[in-house]
Amino acid sequence: MTWQNFYVGDGTPRDVDLGDPPPWRSFPRPALHREFQPPPGLVKAVNAALVLRRPLLVTGAAGSGKSTVIEQVAQELKLGDVLRWHITSRSTLKEALYRYDALGRIHAQRLAGPDGGDDIAPFLQLGPLGTALLPVEHPRALLIDEIDKSDLDLPSDLLDVLERGEFEIPELARYARDVVTVREWGGDASAPAHSPVENGFVRCTSFPFIVMTSNGERDFPAAFLRRCIRFTMPKPSVEELRKVVEAHLKIDGGTRRSRAIDPLIQTFVERLAAGESLAVDQLLNAAHLLTGGGTLAGADRQEVLDLVLRELSRA
Ligand SMILES: Nc1ncnc2c1ncn2[C@@H]1O[C@H](COP(=O)(O)OP(=O)(O)O)[C@@H](O)[C@H]1O
Ligand SMILES: [Mg+2]
């Protein structure tokens, strides 16, 4: 199989077999906890955050593995499925705590008529942060991804909730029943988990393990930083990257296949040292193309490698 069998640009329909995808691009997405190789210092930072019950703020370049750290911690410590909150400039603290569908409830009340029951539970769902703060014996794992993309006030508002470890759902505080069973965030869609909420208050009993990630695009207030354990992803060495590539491509160390990627890793590390912005993802792509059955030769090969290893600061 060569690339010549795929798209050629002549408009003639043909049947193609693209072969197996790279292991990290198969779907449903595989968990990456076994492949992740913690950089030096990360293990200590994670353990400090765990012991001190503080969030871990991980800063680093795009593709340096920030969002993957928590997958490994959650697996190793059996913290359950990672609760994920992906931050954008429109993210609000409230949506991370809970969501309430007021219109849906009004609609249901109308349909049921004056004698019909009024159940608020189907119109409430805890968000990722709200679910992480549920009273449980074993802490959950919560990823607050790309917090540097948030609106300016969000970090301080978040800190306030994390300091207190509790929040109120006003709609429930006003509700007739004392205990309402509310749907949790994430989990199995066919059998969603529910938890009782008493008098509209959610109070954490085991502080969750929280990783917040940042590309370092902005500074955070000192009050915020003071309450986090901070870790910056270091620039990886050749040796570390070789382990990463071997783990993802399932190559044994010291073999011919492993040595075949050495020049690639060398170049990658030199370009990083020269200040270029490149992600581990890109290295994995290049390594897959190089070791994936000799589909690329000569000039074609260099051209495609240049394509996947293009600097990130250029679009
Ligand atoms: N230290 C590492 N060990 C194994 N894989 C890594 C490592 N660093 C990055 N990767 C891989 O690179 C890709 C990008 O990582 P990701 O966590 O999404 O980066 P970030 O969140 O920093 O942008 C993922 O496929 C991840 O598995
Ligand atoms: Mg990320």
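Begin by selecting Val58 in strand S1, whose bridge partner in strand S11 is Phe231; as you do so, keep in mind that the coordinates belong to a predicted model. Widen the selection to residues 56-59, which form S1, and to S11, and you will find four bridges joining these two strands, which run parallel.

Next, display the whole sheet to which this pair belongs. The sheet is open and has five strands in the order S2-S5-S10-S1-S11, with parallel pairing. If you colour its two borders, strand S2 (83-86) and strand S11 (229-232), you are marking the edge strands, each of which pairs on one side only. Looking across the sheet, neighbouring strands are turned by 20° against each other on average, with direction ignored.

Now add the helices that lie across these strands. Select residues 42-52 for helix H1, which lies across S1, strand S10 (209-214) and S11, and which runs at about 165° to S11. Then select residues 69-76 for helix H2, which lies across S1, strand S5 (141-145) and S10, and whose direction makes an angle of about 175° with S5.

From here, move to residues 262-273, which make up helix H11; its twelve residues reach 16 Å from the first C-alpha to the last, close to the 16 Å expected at 1.5 Å a residue. Show the side chains of Leu264, Ile265 and Phe268, which are the buried residues of H11. These residues are on the same side of H11 because they cover an arc of only 95° around the axis. To see what they pack against, bring up helix H9 (238-249) and helix H12 (280-291), both of which meet the buried residues of H11. Rotating the view to the face of H11 turned away from its buried side, you come to the exposed residues Asp262, Pro263, Glu270 and Ala273. Before leaving this part, step past the helix to Gly275, which follows H11 and has a positive phi, near 95°.

Finally, zoom out to the full chain trace. The secondary structure of the protein comes to 13 helices and eleven strands, and its C-alpha trace spans about 75 × 55 × 35 Å along the principal axes. If you colour by burial, the buried residues will make up 29% of the 315 residues. A contact map is a useful companion to this last view: among contacts between residues at least 6 apart in sequence, 79% join residues at least 24 apart.

Conventions
Residues are numbered from 1 along each chain as its sequence is written. Chains are lettered from A and ligands numbered from 1 in the order in which they are written. This is a predicted model: local features need pLDDT of at least 70, side-chain atom pairs count only at pLDDT 80 or more; totals for chains, interfaces and linings use all residues. A residue is buried if 20 or more other C-beta atoms lie within 10 Å of its own, exposed if 12 or fewer, and partly exposed in between; C-beta atoms are placed from the backbone. Two residues are in contact if their C-beta atoms, placed from the backbone, lie within 7 Å. The expected span of a helix is 1.5 Å times one less than its number of residues. The arc is that of the directions from the helix axis to the C-beta atoms. Two strands pair if DSSP finds at least two bridges between them. Axes are lines fitted to C-alpha atoms, for helices over the stretch in contact, and angles run from 0 to 180 degrees between N-to-C directions.
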